[in-house]
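The following note sets out points for discussion on the structure shown below. They concern the domains, the nucleic acid strands, a ligand site and the database annotations.

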Number of protein chains: 2
Amino acid sequence: MATGRTHRPATRSRGIPEATVARLPLYLRALTALSERSVPTVSSEELAAAAGVNSAKLRKDFSYLGSYGTRGVGYDVEYLVYQISRELGLTQDWPVVIVGIGNLGAALANYGGFASRGFRVAALIDADPAMAGKPVAGIPVQHTDDLEKIIEDNGVSIGVIATPAGAAQQVCDRLVAAGVTSILNFAPTVLNVPEGVDVRKVDLSIELQILAFHEQRKAGEEAASTDGTGPVTAVRGESGDKGPDGDVPAVMPA
Amino acid sequence: MATGRTHRPATRSRGIPEATVARLPLYLRALTALSERSVPTVSSEELAAAAGVNSAKLRKDFSYLGSYGTRGVGYDVEYLVYQISRELGLTQDWPVVIVGIGNLGAALANYGGFASRGFRVAALIDADPAMAGKPVAGIPVQHTDDLEKIIEDNGVSIGVIATPAGAAQQVCDRLVAAGVTSILNFAPTVLNVPEGVDVRKVDLSIELQILAFHEQRKAGEEAASTDGTGPVTAVRGESGDKGPDGDVPAVMPA
DNA sequence: CCATCTTTGTGCACGCGTTCACAAAGACAT
DNA sequence: ATGTCTTTGTGAACGCGTGCACAAAGATGG
Ligand SMILES: NC(=O)c1ccc[n+]([C@@H]2O[C@H](COP(=O)([O-])OP(=O)(O)OC[C@H]3O[C@@H](n4cnc5c(N)ncnc54)[C@H](O)[C@@H]3O)[C@@H](O)[C@H]2O)c1
Ligand SMILES: NC(=O)c1ccc[n+]([C@@H]2O[C@H](COP(=O)([O-])OP(=O)(O)OC[C@H]3O[C@@H](n4cnc5c(N)ncnc54)[C@H](O)[C@@H]3O)[C@@H](O)[C@H]2O)c1
């Protein structure tokens, strides 16, 4: 069994609660929209509605950043946009590499919202030699062999993994070894990373399964009596082949 | 306020905590992998490691489903796979529609892991007349005009929105009106839905911004040690500080 | 300058989720 | 059967996040 597995750090992020950090981008988006409409100030109530959160929660969130509001008036939109951007580190340029330029990787590369917030696609990397040199979204795909050099040359600290699940850990290891300390993982796998490296995952399959759970519950509640419990048919064991790539654990270590 | 209810209906999900529900797919994935390797039983410790969670948490999660383990031995893999699948509602077929077949929508349609768990892409819908009839991932794209009919004919209750942000709310409204009660939203917008409809969002931009926040913190802390001008030196009270780490639940029904 | 009105900032209580720690349950050997 | 050893299932403590409710701050008008 694994030895000395360090405990989970509990997220002591310099005073700002993790839950708040996760909402800041939400506020920023709403504020940016207001800014584009030249709205000068906004109340916590209005902004909260736009962001889909409780107004008290929003005020408390902002209180962690400092007191940027004016009582009786609200918050200055432009100032708040700047403060949140600065807090999130969006005032600087973040070169990002995407590894695995398949269906998803290509879509990500083409995604406009990527660059809209200081994130710049510095390079696209794929293991397929046939793709090397081919431009995707105007950026030529480079081969995995040069991964380390690419990371180093561009000062990349954020990497996006969009390879098949089987290759994800290996790619992750190389990224980390090359200096990447933040990873966004789209592959359905648990990535093991050393301390100090952040991993966030996006998993479509998990989201759908959670929705299915609630969906089933809704249906069950509606027809509570008509649906007998226990018609245990169709046990979905491992009858057929399982997903070619869609079935491996996935979580965040750290 | 004019906006509809935004409160959380307490989410009394059949006794199973929301946080647990969100982890079930994770366990299921790990268990499926074990099943494929014909592993008969697994201990909470092993499974927890594979899923990247605390073993006590895993045991407590399973305890909500019932007592499926055998003390001194562990859990029967096959049985647990079935129990979790059933709990998540994966023993039945879930027809899903994807609206907005652009870069992302096409990638999603091509995604194999989609169908691997009872989710079936029943239809692809796009507003672009030029796309109508064109097959994507072997499925002909249909026009938005027929959205309501498609939903009804296929008994779709889960919809995926991959349209531009500006069209998301409108598409959402139509989906809901047509009978969809679960939505997975990829567009960077807050969707307003009536009570009883679940919305989960996947937002690449937000994930990157959260990573950037921690990345900036790491860089700042590093510099603080080399830079003598640091204002606050004793950030950590008494030790025990573990790495930063960062992961936020992301569980949030609507 | 004072009164009133609006909205912030936050103290406080509560509930959920996490983790520890351990008694009990059962397998397995003797 | 009895003892030992492994592992579950869970009681209890704790910490985080959420939301209420309100005093204080400041704008606005007279
Ligand atoms: N397509 C989706 O909508 C979707 C949704 C959720 C998750 N995912 C996951 O994202 C990943 C990619 O999905 P996809 O549909 O783009 O698959 P894909 O097969 O189209 O693309 C995978 C790409 O990764 C490349 N690759 C393989 N091994 C590599 C390696 N070691 N280093 C670098 N590149 C490598 C391949 O050459 C290929 O171009 C998969 O893990 C999938 O499960 C995809
Ligand atoms: N591409 C990515 O990697 C990525 C990542 C994160 C989020 N997103 C978001 O996902 C959404 C789609 O991204 P994309 O890159 O695929 O964009 P895209 O422009 O390539 O595709 C959008 C598609 O939606 C269709 N559409 C527009 N209005 C519609 C309507 N009212 N009804 C039905 N279909 C409609 C368009 O015809 C087009 O085919 C955007 O909101 C984007 O912000 C994309």
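Which atom of DNA strand D lies 2.9 Å from a polar side-chain atom of R23(A)? It is a phosphate oxygen of DNA strand D. The points below place this contact in its setting; the model under discussion is a predicted one.

1. Domains of chain A. The domain assignment divides chain A into domain 1, covering 9–87, and domain 2, covering 94–201. The C-alpha centres of domain 1 and domain 2 of chain A are 30 Å apart.

2. Surroundings of DNA strand D. There are 27 residues around DNA strand D, and those that come nearest are K57(A), K60(A), S44(B), R59(B) and Y75(B). Sugar or phosphate provides 63% of the atoms of DNA strand D within 4 Å of the protein, and bases provide the rest. By class, the surface near DNA strand D comprises seven nonpolar, 11 polar and nine charged residues.

3. Elements facing DNA strand D. At least two residues of the surface near DNA strand D come from each of the following: helix 1 (18–36) and helix 3 of chain A, and helix 3, strand 2 (69–70) and strand 3 (74–76) of chain B. Helix 3 of chain A provides the largest share, with four residues.

4. Polar contacts to DNA strand D. Besides the phosphate contact of R23(A), two residues of chain B deserve attention. In R59(B), a polar side-chain atom lies 2.8 Å from a base nitrogen of DNA strand D. In Y75(B), an N or O atom of the side chain is 2.6 Å from a phosphate oxygen of DNA strand D.

5. Surroundings of DNA strand C. This strand is surrounded by 28 residues, of which S44(A), R59(A), R71(A), Y75(A) and R23(B) are the closest. Of the atoms of DNA strand C that come within 4 Å of the protein, 64% belong to sugar and phosphate. The residues of the surface near DNA strand C fall into seven nonpolar, 11 polar and 10 charged.

6. Elements facing DNA strand C. Chain A contributes helix 3 (55–65), strand 2 (69–70) and strand 3 (74–76), and chain B contributes helix 1 (18–36) and helix 3 (55–65); each of these elements supplies at least two residues of the surface near DNA strand C. With four residues, helix 3 of chain B gives the most to that surface.

7. Polar contacts to DNA strand C. Two lysines reach bases: a polar side-chain atom of K60(A) lies 3.1 Å from a base nitrogen of DNA strand C, and a polar side-chain atom of K60(B) lies 3.1 Å from a base oxygen of DNA strand C. K57(B), by contrast, has a polar side-chain atom 3.1 Å from a phosphate oxygen of DNA strand C.

8. The site of ligand 2. Why is the site of ligand 2 described as shared between chains? Residues from both chain A and chain B surround ligand 2, so the site is shared. The surrounding residues number 23, and the closest are N103(B), L104(B), D126(B), A162(B) and T163(B). The shell around ligand 2 holds 16 nonpolar, five polar and two charged residues. Helix 5 (103–110) of chain A, helix 5 (103–110) of chain B and helix 7 (165–178) of chain B each supply at least two residues of this shell, and the largest share, three residues, comes from helix 7 of chain B.

9. Polar contacts and cover of ligand 2. From chain A, a polar side-chain atom of Y111(A) lies 3.4 Å from an oxygen atom of ligand 2. From chain B, a backbone N or O atom of L104(B) lies 2.8 Å from an oxygen atom of ligand 2, and an N or O atom in the side chain of D126(B) is 2.5 Å from an oxygen atom of ligand 2. Ligand 2 on its own has 820 Å² of accessible area, of which the protein covers 80%.

10. Annotations. An unreviewed UniProt entry lists G100(A), I101(A), G102(A), N103(A), L104(A) and G105(A) under "binding site". Among them, G100(A) is found in the loop between strand 4 (94–99) and helix 5 of chain A; G100(A) is buried, because its relative accessible area is 7%. Under "DNA-binding region", the unreviewed UniProt entry lists residues 26–65 of chain A. That span is 75% helix and 5% strand, and its end C-alpha atoms lie 15 Å apart.

How values were computed
Residues are numbered from 1 along each chain as its sequence is written. Chains are lettered from A and ligands numbered from 1 in the order in which they are written. This is a predicted model: local features need pLDDT of at least 70, side-chain atom pairs count only at pLDDT 80 or more; totals for chains, interfaces and linings use all residues. Side-chain values use heavy atoms; hydrogens and water are left out. Domain bounds come from an automatic or database domain assignment. A residue is near a molecule or strand if one of its heavy atoms lies within 4 Å of it. A polar contact is a pair of N or O atoms within 3.5 Å; within protein, one must be able to donate a hydrogen and the other to accept it, and residues adjacent in sequence count only if both atoms are side-chain atoms. Ala, Val, Leu, Ile, Met, Phe, Trp, Tyr, Cys and Pro count as nonpolar, Asp, Glu, Lys and Arg as charged, and the others, Gly among them, as polar. Accessible areas come from the Shrake-Rupley method with a 1.4 Å probe; for residues, only the protein chains shown count as cover. UniProt positions are given in the numbering used here, feature names are shortened, and annotations may be inferred rather than shown by experiment. Buried means under 20% relative accessible area, exposed over 50%, partly exposed in between (1.4 Å probe, protein chains only).
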